[in-house]
Amino acid sequence: MPIPRPRQGRTEGRGADAAADDPVISLRDAALSYGERVLWQGLDLDVRPGEFLAVLGPNGSGKTSFIRAVLGQQQLSAGKLAVLGRRPHRGSRHIGYIPQQASLPAHATLRSRDLIRLGIDGHLFGPRLRGGTVRHRVDDALESVGAAAYADVPVGLLSGGERQRVRVGQALATDPRILLCDEPLLSLDLHHQRAVTGLVDGRRRSHGTAVVFVTHEINPVLELADRVLYFARGGYRAGTPEEVLTSAALSQLYGTEVDVIRVRDRVMVVGAPDEMADSSHHPELPDGARS
C-alpha cells in the first residue's frame, strides 16, 4: 500500500540540504515484548519531517513503550530502530517530549520558568549555559505557548491546561526536530485540548517538526493526523485515518467484528474486545513497565 506524503511545514532556519526529507524515525521489522507477551512485532515505519502521526490502541498495546523506544529508554526485542539516522539514545536535544500528566502537590516550589529551563539545559553535562542566554530562551518559550502570565507561579498551583502549556514550552525549548507527545490531552476539557493540539500542530507546520502523538481519543487530532499507527493484539495497522479507521481494518486487527461509526466529524469504535476499553484495571506489565 503506498504511503501518502505528509503535509510539510516550513523549515525555518534549517536550509534545504539533500537530507531534509529523510525519515527522522525509521523502524524495520521491529518488535517489542515483555517475556512471552508480545506488544507488537513486524513493524515497518518511516516518520518524516512535518508529519503528524497519531498512535492509537487499547491500554497495554504498547503505545507508551513505542515512545520509550524512540527516547532510547526501551530496547526493541527484535528489528532495527533509527532516530535521526542513529541508534536512539537518552538526552537528545533534538527530541522534545511531553509526558503523561502527573499530579503535583500545591506546595511544590518548582515554577513554570524552572520547568522550561530543565527543558533547555536539564539534559546537559558539564557547565550550564550562561544565565542571561537561558533567561531569554525561557522567556521566549513561555511567550510562544501563551504561558508568560504565570512564569513565576509554582507548577502545582496551575490548572491542568496551564500546566500542559508549560510542558509544551519545555518540550519545544531546544528547537527539536521530533516532538513526542504521550497522552497530553488526558484530564483536559475541550477548550484546553484544542489549545494544546493547536500549539503542537502550529509547531510542526512552522518548523517542519515531526509529531508522534499518543492518544486514547482520536477525535481531537483527527483533522491534524497525516497517518495513524494503531496497535492491538500484538499487531498493528498503519496508514491514513481513512485507511485504518474502518470496520474492515480494525475487525481484521482485533480478530473479531468491530464497527467504526462516523457521526459528523467524529469517529466511534464499537464492539472491540474488552482490552479496547480505557480501563484503570488493566494488568501491569512485568517489572512495572508501562505500555
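**Group meeting: a walk through the two sheets**

Let's start in the middle. β6, α5 and β7 make a right-handed β-α-β unit. Keep in mind that this is a predicted model. I'll build outwards from that unit, then move to the other sheet, then finish with two loops.

First, the strands of the unit. β6 covers residues 178-182, and β7 covers 210-214. They pair in the parallel sense, over five bridges. Here is one pair to find on screen: Asp-182 has Val-214 in β7 as its bridge partner.

Now the helix that links them. α5 runs from residue 190 to residue 207, which makes 18 residues. From its first C-alpha to its last, α5 reaches 26 Å. That is close to the 26 Å expected at 1.5 Å a residue.

Which residues of α5 are buried? Early in the helix, the list has Gln-193, Ala-195, Val-196 and Thr-197. Then come Leu-199, Val-200 and Asp-201. Arg-203, Arg-204, Ser-206 and His-207 complete the list. Note the charged names in there: Asp-201, Arg-203 and Arg-204 are among the buried residues. A reminder for reading such a list: an α-helix has 3.6 residues a turn, so residues three or four places apart point the same way.

What comes just after α5? Gly-208 does, with a positive phi of about 70°.

Then we are in β7. Is this strand covered or open? Mostly covered: five of its five residues are buried. Ala-210, Val-212 and Val-214 point one way. Val-211 and Phe-213 point the other way. Residues on both sides of β7 are buried.

β7 has another partner, β3. Four bridges join β3 to β7, and the two run parallel. In that pairing, Leu-53 stands opposite Val-212.

On to β3 itself, residues 52-56. It is also joined to β8, residues 227-232, by four bridges. That pairing is parallel too. Ala-54 stands opposite Val-228 in β8.

Just ahead of β3, look at Gly-50. This glycine lies in the loop between β2 and β3. Why does Gly-50 count as buried? Because its relative accessibility is 0%, and the cut-off for buried is under 20%. Gly-50 also has a distant partner in sequence. Its C-alpha is separated by 4.6 Å from that of Ala-210, 160 residues apart along the chain. And Ala-210 is one of the buried residues of β7.

Put those strands together. What is the strand order of the whole sheet? It is β5-β6-β7-β3-β8-β9, six strands in an open sheet. The pairing is mixed. At the edges are β5, residues 95-98, and β9, residues 235-239, each pairing on one side only. The twist averages 15° from one strand to the next.

One more helix belongs here. α1, residues 63-70, lies across β3, β5, β6, β7 and β8. Against β7, α1 runs at about 145°.

Now the second sheet. Three strands form it, in the order β2-β1-β4. This sheet is open, and its pairing is antiparallel. β2 and β4 stand at the edges with a single partner strand each, so one side of each is left without a neighbour in the sheet. Neighbouring strands here are turned by 25° against each other on average, direction ignored.

In the pairing of β1 with β2, seven bridges join the strands. β1 takes in residues 25-34, and β2 takes in 37-47. For a marker, use Leu-32: its bridge partner in β2 is Trp-40.

Two loop residues to finish. Arg-233 sits in the loop between β8 and β9. Its phi is positive, about 50°, although it is not a glycine. Is Arg-233 buried or exposed? Exposed, because its relative accessibility is 56% and the cut-off is over 50%.

Arg-264 is in the loop between β10 and β11. Phi of Arg-264 is near 55°, again positive in a residue other than glycine. With a relative accessible area of 85%, Arg-264 is exposed.

Last slide: the totals. The protein comes to seven helices and 11 strands. Of its 291 residues, 47% count as buried. Among contacts with a separation of 6 or more, 66% are between residues 24 or more positions apart. The accessible surface is about 14500 Å², and 49% of it belongs to carbon and sulfur atoms.

Terms used:
Residues numbered from 1 in each chain as written. Predicted model: local features only at pLDDT ≥ 70, side-chain atom pairs only at ≥ 80, totals over all residues. Heavy atoms only, no water. Pairing = 2+ DSSP bridges. Axes fitted to C-alpha atoms, helices over the stretch in contact; angles between N-to-C directions. Contact = heavy atoms within 4.5 Å. Expected span 1.5 Å × (residues − 1). Buried < 20%, exposed > 50% of the residue type's maximum accessible area, 1.4 Å probe, protein only. Areas by Shrake-Rupley, 256 points an atom, 1.4 Å probe, with all protein chains shown as cover. Right-handed = clockwise from strand over helix to strand, strands pointing away.
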